[in-house]
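Got a few minutes for a walk through a two-chain complex? A visitor asks, a guide answers, and the picture builds up as they go.

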Amino acid sequence: MSALEVDIRGRAGSFEIETAFSAGPGVTALFGPSGAGKSTLLKMIAGTARPRSGRIVVAGSTLYDSAAGIDLPPERRGVGFVFQEARLFPHLSVRRNLTYARWAGRRRGTRAFDEVVALLGIGDRLDSAPATLSGGERQRVAIGRALLADPALLLMDEPLSSLDKARRGEILPYLEAIRTEAGIPILYVSHETAEVAQLADTVVLVDKGRVAGVGPAAAMLARFSLAAGSDASEAATLIEGRVTGIDPAYHTAVVSLETGRLELTGNGFAEGMVVRLRVRAADVAIASAPHDGLSIRNQLPCTVGALHRDGAFAMVTLHLGEQRLIARITAKSADMLDLAPGREAYALLKAVSVEMARIERQTTGG
Amino acid sequence: MGEAELSIILLSARVALVAILAALVPAFAVAWLLARKRFPGKGLLQALVTLPLVLPPVVTGYGLLVLFGAKGPLGRFFEQVFGLQFAFRWTGAALAAAVMAFPLLVRPIRLSLEAIDQGYAEAARTLGASRLTVFLTVTLPLALPGVIAGAVLGFAKALGEFGATITFVSNIPGETQTLSLAIYALLQTPSGDAAALRLILIAIAIALAAIVASEILARRLTREETR
């Protein structure tokens, strides 16, 4: 049984929504450009906007079914919502906000208040007024408030978009903690590649109210990076590997991929971990043969795939077995190296340019 | 302060208080309709509510006399159903004050309702609160500053109401003779200047006290809100 099944038609502003997808446990990202109807879709699932027809099923219970005449009001859907702006009730303290679902919503709540407060690190702000909180704290309280309503599904509508970059970095670890600790499926709307790379298990690409593709996060993001819509200089891909060695003397870790090994810097690695790495296309160089005498120690054998020219630049897809990297190099370099689909080459990655996007405890299928 | 003056003040306070308490709920309902709903005749309702503010009070008083007088259709209805008489009674003075104060109540409540972000209600619904609970726990508390501002403004208006009151229920000492009417009556008599002056000073004191009280109340409320 999937955690969420959506098959709805309705209106969002100037265009039609006609969306069908299902989502399993973990984080499903609704990913796509602004104004693609993602937020309206969330509202329809929460019951604060009405589709014209269709069906919405969460964890086996039908929330909306136009054919059967079912349309539960939002308060009976058991769907948590974290909005772009925190929407904390300004006349209530943080504590009263957090417990709102229990004293006003009559939700009994199986999740322990103290646990959620500790998980989100808001214990010392319980008696504050929302107006005195920072943007990041406000959003954390909003997440806690939604969790304490004991939802069967958590909807998040670009919860980081109202925050500056530093604040986002502050919140992301909490979102990761929620993902692992809360044990409820999360539907996460975003148009930020980095957020999706870090959080999502599954990505649903949405464009103009329609599903343009569904798949595991890594594969979908690689596809999206090649699409014209995204900012080429920020394009990035995700690769996954297992940590097979740690060198404490140099603070490096060896991550084994299907076709080679990467030496990476940074803490937080442990042997046996499966890690997801985010590699920006601009940080990948290509060589026609392995080289000695370079500071770049990561040289992965690969096969050249698609090659897209874009003015002075070229986006080159590099296949590492089943996984893919994208390299953004100059068009001139591409010509000098005589790159063409099917050619063998080496992908060069500086250890410091690779971001560890996420750690899995065990092997994943994504 | 003589006994006569005290009874005038108590009567005025009772008339104004009853007027505001009776008008508050309908005023809130009308403000809510005007702030939140779209319906045919909304413009008409808006005009009707504003009417007492722009009509000569004497006209409003005459209208009340026609409708709520002993032989008026609404007057007879209230007499038969509730045993409530308005004509030449203090209840009539309260009715006149309520009607005159109504637009002053509606406006600040409407503005405060319009200022509330609808997103709060949406958030509350997703947290399991029914429409009624959202109203009681979110909308009403957030609209409270507007309600208080309206009540204070309306109370001041009710206390000073003159034209509609004297037209509707006349100027009967001990029954309908409120502060304004008493001052007017005293000024009509050759030797009443001194007594009128005392009442005038009392009226000024009451007005000042009302302003200070509402300021304190509003400040305490906003502090609680942001605490």
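**Two chains, question by question**

Guide: Let's start with chain A, which has 9 helices and 21 strands. Keep in mind that this is a predicted model.

Visitor: And how many helices and strands are there in chain B?

Guide: Reading along the sequence, chain B goes α-α-α-α-α-α-α-α-α-α. In numbers, chain B has 10 helices and 0 strands.

Visitor: What radius of gyration does chain A have, and what would a compact globule have?

Guide: The C-alpha trace of chain A spans about 70 × 50 × 35 Å along its principal axes. A compact globule with 366 residues would have a radius of gyration near 21 Å, so the figure for chain A agrees with that: 22 Å.

Visitor: How is chain A divided into domains, and what distance separates the centres?

Guide: The domain assignment gives domain 1 at 4-230 and domain 2 at 236-360 of chain A. Taken over C-alpha atoms, the centres of domain 1 and domain 2 of chain A are separated by 33 Å.

Visitor: What percentage of the residues in chain A is buried?

Guide: Buried here takes 20 or more other C-beta atoms within 10 Å of a residue's own. Of the 366 residues in chain A, the buried ones make up 44%.

Visitor: Let's zoom in on strands. Which residue takes a positive phi in the hairpin of E10(A) and E11(A)?

Guide: Strand E10 (residues 202-207) and strand E11 (residues 210-216) of chain A pair in the antiparallel sense, over 6 bridges. Within that pairing, Leu205(A) stands opposite Gly213(A). The hairpin has 2 residues between the strands, and the one with a positive phi near 50 degrees is Lys208(A).

Visitor: Which residue does that in the hairpin of E17(A) and E18(A)?

Guide: E17 (residues 298-310) and E18 (residues 313-320) of chain A run antiparallel and are joined by 6 bridges. Asp310(A) has Phe313(A) in E18(A) as its bridge partner. This hairpin has 2 residues between the strands, and a positive phi near 65 degrees belongs to Gly311(A).

Visitor: E18(A) also pairs with E19(A), so to speak; what residue in that turn has a positive phi?

Guide: E18(A) is joined by 8 bridges to strand E19 (residues 323-330) of chain A, and the two run antiparallel. Leu320(A) stands opposite Gln323(A) in E19(A). There are 2 residues between the strands of this hairpin, and the turn residue with a positive phi of about 65 degrees is Gly321(A).

Visitor: Is Asp338(A) buried or exposed?

Guide: Asp338(A) is found in the loop between helix H9 (331-336) and strand E20 (344-349) of chain A. A residue is exposed if 12 or fewer other C-beta atoms lie within 10 Å. Asp338(A) has 8 C-beta neighbours inside 10 Å, so the verdict is exposed.

Visitor: And Asp335(A), buried or exposed?

Guide: Asp335(A) sits in helix H9 of chain A. From C-alpha to C-alpha, Asp335(A) and Val6(A) are 47 Å apart in space, and 329 residues apart in sequence. With 11 other C-beta atoms within 10 Å, Asp335(A) is exposed.

Visitor: Over to chain B. Which residues does the UniProt domain feature take in, and what percentage of them is helix?

Guide: The unreviewed UniProt entry places "domain: ABC transmembrane type-1" at residues 9-212 of chain B. Over residues 9-212 of chain B the end C-alpha atoms are 19 Å apart, strand is 0%, and helix is 81%.

Visitor: How far apart are the end C-alpha atoms over residues 6-35 of chain B?

Guide: UniProt's "transmembrane region" annotation, from an unreviewed entry, covers several stretches of chain B, including 6-35 and 134-156. Residues 134-156 of chain B are 100% helix, with end C-alpha atoms 31 Å apart. Residues 6-35 of chain B are also 100% helix, and there the ends are 41 Å apart.

Visitor: Last one: which helix of chain B gives the most to the side that touches chain A?

Guide: The contact takes 19 residues from chain B and 22 residues from chain A. On the chain B side, H6 (118-126), H7 (131-160) and H10 (193-226) each supply at least two residues. That side divides into 8 nonpolar, 7 polar and 4 charged residues. The helix that gives the most, with 7 residues, is H6(B).

Definitions and conventions
Residues are numbered from 1 along each chain as its sequence is written. Chains are lettered from A and ligands numbered from 1 in the order in which they are written. This is a predicted model: local features need pLDDT of at least 70, side-chain atom pairs count only at pLDDT 80 or more; totals for chains, interfaces and linings use all residues. UniProt positions are given in the numbering used here, feature names are shortened, and annotations may be inferred rather than shown by experiment. Helices (H or I, at least four residues) and strands (E, at least two) are DSSP runs, numbered from the N terminus. Two strands pair if DSSP finds at least two bridges between them. Two residues are in contact if their C-beta atoms, placed from the backbone, lie within 7 Å. Ala, Val, Leu, Ile, Met, Phe, Trp, Tyr, Cys and Pro count as nonpolar, Asp, Glu, Lys and Arg as charged, and the others, Gly among them, as polar. The radius of gyration is taken over C-alpha atoms; the globule rule is 2.2 Å times the number of residues to the power 0.38. Domain bounds come from an automatic or database domain assignment.
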